Structure formats: C-alpha cells, structure tokens
Amino acid sequence: MVEPGKTKFQIDLRRHLREVGENRDLTRLICEIADASKYIVNSIRTGDLGVAGTSNLYGEEQLALDVLSDRILRKRLTNSGVVANMLSEETPDIIPVSSDYEGKYSVAFDPLDGSSLVDVNLAVGTIVSIFEGGNLLQPGRNQVAAMYILYGPRNTLVYSTGRGVHEFAMNALMEYTLVRENVTMSQAGGIYAPGGQRNLYSAGTEAFVQDLEARGAKLRYSGGFVPDINQILMKGKGIFMYPHLKNAANGKLRLIFELNPMAYLVEQAGGAASTGSVSILDLQPQSIEDRAPVFIGCKDDVARAVDFVTRMG
Ligand SMILES: O=P(O)(O)OC[C@H]1O[C@](O)(COP(=O)(O)O)[C@@H](O)[C@@H]1O
Ligand SMILES: [Mg+2]
Ligand SMILES: [Mg+2]
C-alpha cells in the first residue's frame with residue numbers, strides 16, 4: 001500500500017493514454033484539450049469576471065470568461081491537426097476545421113459550464129464530447145470519447161475512451177497526473193442532486209424525490225453540472241436529475257454539450273442516464289440546441305426514477 005503523497009511515479013495523461021493503447025490522434029486531441037484547460041484555469045483565477053456584452057446560442061448573456069474559454073479551446077482544436085468539425089455551446093453553428101474527415105474527430109464542447117456560479121466563486125467546468133469523422137448530430141452512444149475538467153479547489157480531469165473512466169489532478173507544474181483509474185459506481189446510493197424548481201416537478205418526479213428522502217438520501221446540489229456529476233461519479237453513488245418541468249418539457253440541460261458526454265462517462269463507470277423514458281445515449285439529436293430531461297447516476301436509482309415517471313408522469 002502506497003502512503004498518500006508518497007507515490008514514486010506519477011502517471012501523466014499522455015502516458016496513461018499510451019498505456020491503455022489509445023490511438024495517436026485521439027491521444028493528441030485529448031492532450032490538446034488538457035493543455036487548453038491550463039489557460040482556462042488561469043483566466044478563471046485571475047481574469048475579468050464581468051459580462052462580455054454578447055449572447056450565446058441560447059440567447060443567454062455571455063461572461064467575458066465564457067468567450068475567452070471558448071476562444072482558447074477553439075484555437076487549440078483548430079491547430080491540433082486532428083479535428084474535422086467543432087461545435088461550441090457559445091457559438092451558433094458548426095465550425096468546419098478540415099474537409100478531410102479521414103482519421104479526424106469532431107468535437108462538441110461547453111467551454112465553461114456553470115457561468116452563473118462564477119461571481120460566487122463556486123466550482124465550474126469544461127465538458128467535451130468527441131465523435132469520429134465529421135458528424136456531430138448523432139446519438140451519444142457513438143461517441144468515441146468524453147471528458148470534463150473541473151475547476152474547483154483542485155483542477156481535475158476525467159476522461160473515457162470506452163476503456164473505463166479515469167481521474168487526473170493538475171499538479172504544481174500544471175500537468176495532469178493520475179489519481180484514480182477505472183472509477184466505478186455502485187448499484188444505488190444515498191445522494192441526490194435535484195435541478196429545477198421543485199414546485200414545477202411532475203407528479204412522478206415529485207413522488208420519486210419523496211421516495212429518495214424517505215430512504216434517507218442526502219441532498220447535495222451545487223448548481224454546477226460538472227461538480228455535481230463529479231461528486232456522484234467519484235463517490236460512486238447517487239443520482240443527479242434535471243427533470244421535465246411543468247413549464248419546460250425538456251428540462252434545461254443540453255443534449256449535445258452537456259448530457260451526452262456525462263451520460264457516456266457515467267455509463268462507462270457502470271451507471272445509467274435516462275430522460276425518464278429512453279436512454280440519453282440513444283437520443284437522435286434533431287438540432288444543435290436540443291435539450292432533454294435527465295436522471296443520471298446509479299443504475300438502480302435511475303431505474304426507480306424511470307419507474308415513477310412511467311407510472312405517474
Ligand atoms: O440554476 P439551475 O436551474 O439549478 O441550473 C443549473 C444547471 O445549469 C447549468 O448551470 C447550465 O449550464 P450553463 O452555465 O452553461 O448555462 C448547469 O451547470 C447546472 O446543472
Ligand atoms: Mg452549460
Ligand atoms: Mg457554458
């Protein structure tokens with residue numbers, strides 16, 4: 001047993017990708033995104049926290065940090081040599097990078113998720129979804145990789161290329177070194193993170209939450225999708241939901257930028273993600289703005305949520 005903090009060899013992200021046998025171009029892409037995040041970290045720590053005076057794809061006011069994080073990622077991806085198309089939550093259209101799709105990837109990303117938490121200094125994150133070739137409008141099940149970076153007291157990076165879920169933390173040299181390999185979730189857990197206004201919940205969701213509470217589940221919701229999912233993944237237990245609401249049939253979260261990559265990671269760790277009726281990863285996106293309700297986390301918890309929603313709406 002190695003004493004904490006006394007590990008002799010630190011495995012960095014690139015080496016880890018090499019050791020799990022990942023192909024060179026995908027390794028390059030993931031490492032480029034990891035590198036870009038160093039600049040995003042610096043912007044969050046020391047940059048302008050004000051508004052940018054512009055709005056995004058959803059008509060929401062952009063922060064200077066949203067715009068900057070977007071620019072940092074776009075630049076890295078454009079110059080990586082392995083990207084065909086990219087799509088950002090902050091821009092309205094698919095951005096073509098290379099017309100030759102051979103051996104290339106397409107990337108959808110939310111450069112800074114949780115913008116409304118920036119002014120109160122809570123944790124935020126970057127979320128990334130990766131497909132092979134040029135098509136970004138396909139079911140999440142076809143992703144070849146997904147990852148997020150959590151900007152919290154420590155900066156961590158969690159990725160999967162379909163060979164388990166692995167967690168890295170940024171060290172003093174701003175390199176990501178391995179913390180935990182093959183993160184796995186238990187069947188059920190005692191944490192719930194409920195998004196959306198409770199008095200707008202459907203009868204099924206309300207009954208599900210009451211059932212969770214009756215079972216003694218603890219409420220743990222920060223309002224940041226990345227830290228909230230990270231908590232459930234790393235503790236290996238619990239459920240996050242942003243359900244269908246009485247005034248928003250598709251909830252709030254975005255399929256392409258937020259739900260697909262997180263569903264991929266959670267499924268890879270042995271969990272599940274459902275809209276309440278179908279698996280998130282089986283949804284065929286109709287447009288880049290698609291939203292969907294979500295119940296995501298431990299398998300049994302998600303199955304119970306689906307049962308309540310199926311029976312009661
Ligand atoms: O403020 P609410 O309704 O609890 O919503 C929180 C959710 O909205 C988000 O902030 C949406 O992300 P953006 O910051 O990219 O708009 C998620 O991070 C989070 O899960
Ligand atoms: Mg977001
Ligand atoms: Mg965002």
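**A sheet, a ligand shell and two loop residues**

Visitor: Over how many bridges do strand 13 and strand 15 pair?

Guide: Keep in mind that we're looking at a predicted model. Strand 13 covers residues 239-242, and strand 15 covers residues 294-297. One bridge joins Ile239 to Gly297 in strand 15. The two strands run in the antiparallel sense, and their bridges number 4.

Visitor: Which strands stand at the edges of the sheet?

Guide: Read the strand order of this open, mixed sheet: 12-11-13-15-14. An edge strand has a single partner, so one of its sides is left without a neighbour in the sheet. That describes strand 12 (218-219) and strand 14 (272-274).

Visitor: What angle does the direction of helix 7 make with that of strand 15?

Guide: Helix 7, residues 299-312, packs on this sheet and touches strand 13, strand 14 and strand 15. Its direction and that of strand 15 make an angle of about 160°.

Visitor: Which domains does the shell around ligand 1 draw at least three residues from?

Guide: Glu89, Asp110, Gly223 and Lys252 are among the residues around ligand 1. By class, the shell has 1 nonpolar, 7 polar and 4 charged residues. At least three residues come from each of domain 1 (13-180) and domain 2 (191-312).

Visitor: Is Met174 buried, exposed or partly exposed?

Guide: Met174 sits in the loop between strand 9 and strand 10, and has a positive phi of about 65° without being a glycine. Buried takes 20 or more other C-beta atoms within 10 Å, and exposed takes 12 or fewer. Met174 has 14, so it counts as partly exposed.

How values were computed:
Residues are numbered from 1 along each chain as its sequence is written. Chains are lettered from A and ligands numbered from 1 in the order in which they are written. This is a predicted model: local features need pLDDT of at least 70, side-chain atom pairs count only at pLDDT 80 or more; totals for chains, interfaces and linings use all residues. A residue is near a molecule or strand if its C-beta atom, placed from the backbone, lies within 6 Å of it. Ala, Val, Leu, Ile, Met, Phe, Trp, Tyr, Cys and Pro count as nonpolar, Asp, Glu, Lys and Arg as charged, and the others, Gly among them, as polar. Domain bounds come from an automatic or database domain assignment. Two strands pair if DSSP finds at least two bridges between them. Two residues are in contact if their C-beta atoms, placed from the backbone, lie within 7 Å. Axes are lines fitted to C-alpha atoms, for helices over the stretch in contact, and angles run from 0 to 180 degrees between N-to-C directions.
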